[in-house]
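Please open the model in a viewer and keep the sequence panel visible beside it. The tour proceeds by selection, and each stop states what is to be found there.

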Amino acid sequence: MYFSGQHGVMEISTASGTPVKVGRLKNWSYSTQQQTLDTTSLQDTDATLLNGLRTASGQASLLYYSETVSNVERVGGPLIKTGNNSFDSDSYGANAQPELCKIRLAVDGGGAIGIYAYVTSFSMTCSVGEVVSADVSFQVHGAPFEWSF
């Protein structure tokens, strides 16, 4: 069976919650990298390496879709926090810290990867003649808790 973009699924929740499907997803991507540490010494004739830190990140694009909680609010909420809007307050502009999220990226009927991540970027686009869309980027925190591709 072949899979296409129409089979893509993204689920998101707080770190302790159960991920909920994000409706009307345009795309998602996930990328992981492995650093290497050079262990070559002066008498060696060939380079030797050890595995170093592994990092991962990803992004998703979604179409604004109205649900009980909109998919835009669900995805942007962990990063965007409202603050004290009283101009005469000492805490003006101070707002809550971004939240660690549980994200599950999947291919409906196929595999999935589950991660903990921080949303690092969120942008919305509203253009004449197009559906309102939002883009989100995230940086993975720790190792995946699920890998089943």
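Three accessibility classes are used throughout: buried means under 20% relative accessible area, exposed means over 50%, and partly exposed lies in between, with a 1.4 Å probe and protein chains only. The model is predicted, so local features need pLDDT of at least 70 and side-chain atom pairs count only at pLDDT 80 or more, whereas totals for chains, interfaces and linings use all residues. Residues are numbered from 1 along each chain as its sequence is written, and side-chain values use heavy atoms, with hydrogens and water left out.

**The whole chain**

Begin with a cartoon view of the protein chain, which holds one helix and eight strands. These elements are DSSP runs numbered from the N terminus, with helices (H or I) of at least four residues and strands (E) of at least two. In sequence order the pattern reads β-β-β-β-α-β-β-β-β. Of the 149 residues, 28% are buried. Contact here means heavy atoms within 4.5 Å. Among contacts between residues at least 6 apart in sequence, 54% join residues at least 24 apart.

**Cysteines**

Select Cys 126, which is exposed with a relative accessible area of 66%. Then select Cys 101, which is buried at 1% relative accessibility. How many disulfides does a search of the whole structure find? The count is zero, a disulfide being a pair of cysteine sulfur atoms within 2.5 Å.

**Strand pairing**

Display E4, E6 and E7 together. Two strands are taken to pair if DSSP finds at least two bridges between them. E6 and E7 are antiparallel and share eight bridges; within this pairing, Ser 123 stands opposite Asp 135 of E7. E4 and E7 also run antiparallel, joined by seven bridges. For an example on the E4 side, select Gln 59, whose bridge partner in E7 is Ser 137.

**The largest nonpolar core**

A nonpolar core is a set of buried Ala, Val, Leu, Ile, Met, Phe, Trp, Tyr and Cys residues joined through side-chain atoms within 4.5 Å. Which members of the largest core touch the most other members? Select Met 10, Leu 62, Val 75, Ile 103, Ile 115 and Val 136, which hold that place among its 21 residues. At least two residues of this core come from each of E1, E4 (49-63), helix H1 (71-76), E5 (100-107), E6 and E7. The largest share, five residues, is supplied by E6. In soluble globular proteins, nonpolar side chains tend to be buried together.

Stay with Ile 103 and show its surroundings. Beyond four places in sequence, Ile 103 touches residues including Met 10, Glu 11, Ile 12, Ile 115, Phe 138 and Phe 145.

Move next to Glu 11, located in strand E1 (residues 8-14). Is this residue buried or exposed? Glu 11 counts as buried, at 17% relative accessibility. Its contacts more than four places away in sequence are Pro 19, Val 20, Lys 21, Val 22, Lys 102, Ile 103 and Arg 104.

**Aromatic rings**

Rings of Phe, Tyr and Trp (its six-membered ring) pair if their centres lie within 6.5 Å; planes under 30 degrees apart count as stacked, over 60 as edge-to-face and the rest as tilted. This rule gives two aromatic pairs. Select Tyr 116 and Phe 145: they form a tilted pair, 5.2 Å centre to centre with 50 degrees between the planes. Tyr 116 lies in E6 and Phe 145 in the loop between E7 and strand E8 (146-147), so the pair ties together parts that are 29 residues apart in sequence. Both partners are partly exposed, Tyr 116 at 25% and Phe 145 at 39%. The other pair to select is Trp 147 and Phe 149, with ring centres 5.2 Å apart and planes at 55 degrees, so this pair is tilted. Trp 147 is exposed, at 59% relative accessible area.

Now add Lys 102, which lies over the face of Phe 145 at 5.6 Å from the ring centre. The criterion requires NZ of Lys or CZ of Arg within 6 Å of the ring centre and within 35 degrees of the ring normal.

**Two loop positions**

Select Val 132 in the loop between E6 (112-125) and E7 (133-140); this residue is partly exposed, at 22%. Its C-alpha atom is 6.0 Å from that of Leu 63, although the two are 69 residues apart along the chain.

Finish at Gly 77, in the loop between H1 and E5 and partly exposed at 24%. Outside four places in sequence, Gly 77 is in contact with Val 72 and Glu 99. The C-alpha atoms of Gly 77 and Glu 99 are 8.6 Å apart, across 22 residues of sequence.
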